[in-house]
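Got the viewer open? Let's take a walk through this one together, one selection at a time.

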Amino acid sequence: MKTIKTLSIIGIICLFCYSFTTMVQEEWVVPAEYVNMKNPIDPSTDKAIGKSLYSQHCKSCHGKEGYGDGPKAKDQKGDLGDFSSSDFQAQTDGELFYKTSFGRDDMPEYTKKMPEDEDRWLIVNYMRTLAE
């Protein structure tokens, strides 16, 4: 009887730990070739175009100010990020370009919706303007 109770308690603890770990989003690993990639678009170039592309493709989930509070955010799984945070802004332009281009989970791939790399680089430049 004591063994059954002990096994039941261990099982409950394991189930709790497993459910907790599935709620934590995995780290988004970006290939080194993108981490070190340089942004070919000058940050002062076409800010209005970057903002327009962001509004069209990103704002519905990530929100107007990049807080992850857009109207579709509640329907998404995982952390949408806070583009104004120092952690987000500490990423390289190449990392942001990779994530914007290829997505993962609920974040869609944008290489088909925006086939021109320049458009995604302009969005990266616009996301830099959302810093705190």
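Which residue forms a salt bridge with Asp-117? Select Asp-117 and look for Arg-120: the two form a salt bridge, with their closest N and O atoms 2.4 Å apart. Keep in mind as you go that this is a predicted model. Both residues sit in helix H7, three residues apart, which puts about one helical turn between them. In general, an α-helix has 3.6 residues a turn, so residues three or four places apart point the same way. Now compare how covered the partners are: Arg-120 is buried, at 3% relative accessibility, while Asp-117 is partly exposed, at 40%.

**Zoom out**

Show the protein chain as a cartoon. You should find seven helices and zero strands, so to speak a run of α-α-α-α-α-α-α from the N terminus on. Of the 132 residues, 33% count as buried. Switch on a surface and you are looking at about 9,000 Å² of exposed area, with carbon and sulfur atoms supplying 57% of it. How about contacts across the sequence? Take those between residues at least 6 apart: 62% of them join residues at least 24 apart.

**Select 117–128**

This is H7, a helix of twelve residues. Put a distance label from its first C-alpha to its last and you get 17 Å, close to the 16 Å expected at 1.5 Å a residue. Color its buried residues: Arg-120, Trp-121, Leu-122, Ile-123, Val-124, Asn-125, Tyr-126 and Met-127. What do they pack against? Show helix H3 (47–57), helix H5 (86–89) and helix H6 (93–102), and you have the partners of those buried residues.

**Select Asp-93 and Arg-128**

Stay with H7 and go to Arg-128. Its side chain meets that of Asp-93 in a salt bridge, 2.8 Å from N to O. Asp-93 lies in helix H6 and Arg-128 in helix H7, so the pair ties together parts that are 35 residues apart in sequence. Asp-93 is partly exposed at 21% relative accessibility, and Arg-128 is partly exposed too, at 22%. The structure holds three salt bridges, and the next one is coming up further along.

**Select Glu-95**

Move to Glu-95, in helix H6. Is this residue buried or exposed? Glu-95 is buried, yet has no salt bridge. The nearest side chain of opposite charge belongs to Lys-99, and it is 5.7 Å away. As a general point, side chains of opposite charge can pair when their charged atoms come close. The cut-off used here for a salt bridge is 4 Å. Leaving out residues up to four places away in sequence, Glu-95 touches Val-30, Tyr-34 and Val-35.

**Select 104–105**

Here is another salt bridge: Arg-104 with Asp-105, the closest N and O atoms being 3.8 Å apart. Asp-105 is in the loop between H6 and H7 and counts as exposed, at 66% relative accessibility. Check the backbone while you are there: Asp-105 has a positive phi of about 50 degrees, although it is not a glycine. In general, most residues other than glycine have a negative phi.

**Select Glu-109**

Follow that loop between H6 and H7 along to Glu-109, which is partly exposed at 37% relative accessibility. Apart from neighbours within four places in sequence, Glu-109 is in contact with Ser-101, Phe-102 and Gly-103. Now add Lys-99: Glu-109 and Lys-99 are ten residues apart in sequence and 8.3 Å apart in space, C-alpha to C-alpha.

**Select Asp-46, then H3**

Where else can you find a positive phi? Try Asp-46, with about 50 degrees and again not a glycine. Asp-46 is found in the loop between helix H2 (32–35) and H3, and is partly exposed at 37%.

From there, step into H3 and color Gly-50, Leu-53, Tyr-54 and His-57, which are buried. Look down the axis of H3: these buried residues fall within an arc of 100 degrees, so they line one face of the helix. Turn to the face away from that buried side and you meet the exposed residues Ala-48 and Gln-56. What do the buried residues of H3 pack against? Show helix H4 (59–62) and H7, and the tour is back at the helix where you started.

How values were computed
Residues numbered from 1 in each chain as written. Predicted model: local features only at pLDDT ≥ 70, side-chain atom pairs only at ≥ 80, totals over all residues. Heavy atoms only, no water. Helix = DSSP H or I, 4+ residues; strand = E, 2+ residues; numbered from the N terminus. Buried < 20%, exposed > 50% of the residue type's maximum accessible area, 1.4 Å probe, protein only. Contact = heavy atoms within 4.5 Å. Areas by Shrake-Rupley, 256 points an atom, 1.4 Å probe, with all protein chains shown as cover. Expected span 1.5 Å × (residues − 1). Lys, Arg positive; Asp, Glu negative; His and termini not counted. Arc of directions from axis to C-beta.
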